[in-house]
Structure formats: C-alpha cells, structure tokens
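User: I am new to this structure. Please show it, and then take me through it step by step.

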Amino acid sequence: MDSIDRILGDIPLPPYVTAEDVTFAVRAITVHAPEQWPEGPRCRNDRAPHPCRLHRWGRRVLDLRGLTDRQIHTLVAEQTAPVR
Ligand SMILES: [Zn+2]
C-alpha cells in the first residue's frame, strides 16, 4: 500500500467544499480510522500507515471547510453511532 501511496500521491481537493464533500470526508476518516499494530498505527481499512491517503484527504477537506477538531469529532461520532 505504501508504494501505491507514492505513485498516486495525495488525492486532489475539490475546488469548493460542499456539504456533500463534508459527508464523504467524514465517512473517509471514519472508515479509515487507525488500528494499533506492533510497529505503529495502521489504517484498519487498507493497512497503510496511518493516516492513509483517504484519511488525510478527509481531514484536509474538513480543514478547508473550516471545521474544528471538536466539530469533526462530533460528525464522526454521529456517523458511527447508528451503525451497530
Ligand atoms: Zn485507509
């Protein structure tokens, strides 16, 4: 997965972050959450070293949208709550 990261680089950000992009971004950082591995945190979805490309993309979109860490936390909690 590291080599794919290197080939593709970071995912481009949308020129203007819409509410829909925010939904995708929250989903990305939720699905691409860190998992503890002996050598350090890795993405639980694609096993890339955390934060993986999609996690980084999600965070950059939410930063661009001007959301604080606390607001991001709330959005992630809202999205993860109804799943189980
Ligand atoms: Zn990932």
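Analyst: One term comes before the metal site: donors are N, O and S atoms within 2.8 Å of the metal (3.2 Å for Na, K and Ca), and water is not among the atoms, so sites may look incomplete. This is a predicted model, where local features need pLDDT of at least 70, side-chain atom pairs count only at pLDDT 80 or more, and totals for chains, interfaces and linings use all residues. Residues are numbered from 1 along each chain as its sequence is written, and side-chain values use heavy atoms, with hydrogens and water left out.

User: How are the donor residues of the zinc ion spaced in sequence?

Analyst: The protein donors are His32 (ND1), Cys43 (SG), Asp46 (OD) and Cys52 (SG). They lie 1.9 to 2.3 Å from the zinc ion. Their spacing in sequence is H-x10-C-x2-D-x5-C.

User: What is the geometry of the site of the zinc ion?

Analyst: Four donors count as tetrahedral if all angles lie between 85 and 135 degrees. Here the angles among the four donor atoms are 98 to 117°. The site is therefore tetrahedral.

User: Is Cys43 buried or exposed?

Analyst: Buried means under 20% relative accessible area, exposed over 50%, and partly exposed in between (1.4 Å probe, protein chains only). Cys52, another zinc donor, has 1% relative accessibility and counts as buried. Cys43 has a relative accessible area of 0%, so Cys43 is buried.

User: In what order do the elements of the chain run?

Analyst: Helices (H or I, at least four residues) and strands (E, at least two) are DSSP runs, numbered from the N terminus. The chain has four helices and two strands. From the N terminus on, the order is α-α-β-β-α-α.

User: Which element gives the largest share of the largest nonpolar core?

Analyst: A nonpolar core is a set of buried Ala, Val, Leu, Ile, Met, Phe, Trp, Tyr and Cys residues joined through side-chain atoms within 4.5 Å. The largest one has 12 residues, including Ile11, Ala25, Trp57 and Ile72. Two elements, helix H2 (19-31) and helix H3 (53-64), give two or more residues to this core. The largest share, five residues, comes from H2.

User: Which residues does Ala25 touch, not counting residues up to four places away in sequence?

Analyst: Ala25 is found in helix H2. Its relative accessible area is 0%, so Ala25 is buried. Contact means heavy atoms within 4.5 Å. By that rule, Ala25 touches Trp57, Gly58, Val61 and Leu62.

User: How are H2 and H4 oriented to each other?

Analyst: Axes are lines fitted to C-alpha atoms, for helices over the stretch in contact, and angles run from 0 to 180 degrees between N-to-C directions. The axes of H2 and helix H4 (residues 69-80) come within 10 Å and cross at roughly 75°. Angles of 65 to 115 degrees count as roughly perpendicular, under 35 as roughly parallel, over 145 as roughly antiparallel, and the rest as oblique. H2 and H4 are therefore roughly perpendicular.

User: Which residues in H4 do the H2 residues meet?

Analyst: The H2 side consists of Val22, Thr23, Val26, Arg27, Ile29 and Thr30. One of them, Arg27, is partly exposed, with a relative accessible area of 48%. In H4 they meet Ile72, Leu75, Val76, Gln79 and Thr80.

User: Which residues does His55 touch, leaving out those up to four places away in sequence?

Analyst: His55 is found in helix H3. At 11% relative accessibility, His55 counts as buried. One residue that His55 touches, His32, is a zinc donor. The full set is Ile29, His32 and His50.

Note on methods. Four donors count as tetrahedral if all angles lie between 85 and 135 degrees; four count as square planar and six as octahedral if opposite donors are over 155 degrees apart and all others between 65 and 115; anything else is irregular.
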